Amino acid sequence: MNTPRLTLETTSARLLRAGRGLLVGSTVALAAFSALAEPVEGEVKKVDIEAGKLTLKHGEIKSLDMPAMQMAYRVSNPAWLKSLNVGDKVTFSADKVNGQFTVTDIQPRK
Ligand SMILES: [Cu+2]
């Protein structure tokens, strides 16, 4: 199930996976997990290694109350930027970290 990924996993991502594996039986747990970031499809529009920013065109992100748009994100791991190119199709998760929208997980999509 775990494919090699260029990601640093957040605690919430691990919790989410654990929750899915557990056959969640309680509505409390369901409510907690539903608030976590869902993977979103996007396309790389700009990679700014110096600024540590990634501009993505993305679909709706319900967990962040965001419609589809194009915007710049910070990234949890700046090393990811080196393996991304404009035009790449990706699946990513984003969250607000220290008040800034941040990509917490990103993988190429075919
Ligand atoms: Cu956005």
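In which sense do β1 and strand β4 (residues 89-97) pair, and over how many bridges? They pair in the antiparallel sense, over four bridges. The points below walk you through the rest of the fold.

1. **Before you start.** This is a predicted model, in which local features need pLDDT of at least 70 and side-chain atom pairs count only at pLDDT 80 or more, while totals for chains, interfaces and linings use all residues. Residues are numbered from 1 along each chain as its sequence is written.

2. **The overall plan.** The protein has two helices and five strands. Reading from the N terminus, you will meet the elements in the order α-α-β-β-β-β-β. Helices (H or I, at least four residues) and strands (E, at least two) are DSSP runs, numbered from the N terminus. Contacts also tell you something about the plan: of those between residues at least 6 apart in sequence, 52% join residues at least 24 apart. Here, two residues are in contact if their C-beta atoms, placed from the backbone, lie within 7 Å.

3. **The barrel.** Five strands close into a barrel, in the order β1-β2-β3-β5-β4, and the pairing is mixed. From one strand to the next, the twist averages 55°. For that angle, axes are lines fitted to C-alpha atoms (for helices over the stretch in contact), and angles run from 0 to 180 degrees between N-to-C directions. Two strands count as paired if DSSP finds at least two bridges between them. As general background, strands of a sheet pair through backbone hydrogen bonds, either parallel or antiparallel.

4. **β1 and its two partners.** Let us return to the opening pair. E41 of β1 stands opposite T91 in β4, and V40 has F92 as its bridge partner in β4. Strand β1 (residues 40-48) also pairs with β2, in the antiparallel sense and over six bridges. Two places to look are D48, which stands opposite K53 in β2, and K46, whose bridge partner in β2 is T55. β1 and β2 form a hairpin with four residues between them, and G52 in the turn has a positive phi of about 70°.

5. **β3 and its two partners.** Strand β2 (residues 53-58) and strand β3 (residues 69-75) pair in the antiparallel sense over six bridges. Here L54 stands opposite Y73 in β3. The link from β3 to strand β5 (residues 100-108) is parallel and has two bridges. In that link, V75 stands opposite V103 in β5. V75 is a nice residue to click on: leaving aside its neighbours within four places in sequence, V75 is in contact with G52, L54, W80, L81, T102 and V103.

6. **β4 and β5.** These two strands pair in the antiparallel sense over eight bridges. The bridge partner of A94 in β5 is V103. Their hairpin has two residues between the strands, and N98 takes a positive phi near 50° there, although N98 is not a glycine. N98 counts as exposed because 6 other C-beta atoms lie within 10 Å.

7. **Burial and the core.** A residue is buried if 20 or more other C-beta atoms lie within 10 Å of its own, exposed if 12 or fewer, and partly exposed in between, with C-beta atoms placed from the backbone. Buried residues make up 22% of the 110 residues in the protein. The largest nonpolar core has 15 residues, and those with the most contacts inside it are L54, Y73, V75, F92, A94 and V103. β1, β2, β3, β4 and β5 are the elements that give two or more residues to this core, and β4 gives the most, with three residues. A nonpolar core is a set of buried Ala, Val, Leu, Ile, Met, Phe, Trp, Tyr and Cys residues joined through C-beta atoms within 7 Å.

8. **The loop between β2 and β3.** Two residues of this loop deserve a glance. D65 lies in the loop and has a positive phi of about 60° although D65 is not a glycine. D65 counts as exposed because it has 7 C-beta neighbours inside 10 Å. A68 lies in the loop too, and is exposed because 12 other C-beta atoms lie within 10 Å. Leaving aside its neighbours within four places in sequence, A68 is in contact with H58, G59 and E60. The C-alpha atoms of A68 and G42, 26 residues apart along the chain, are separated by 9.4 Å.
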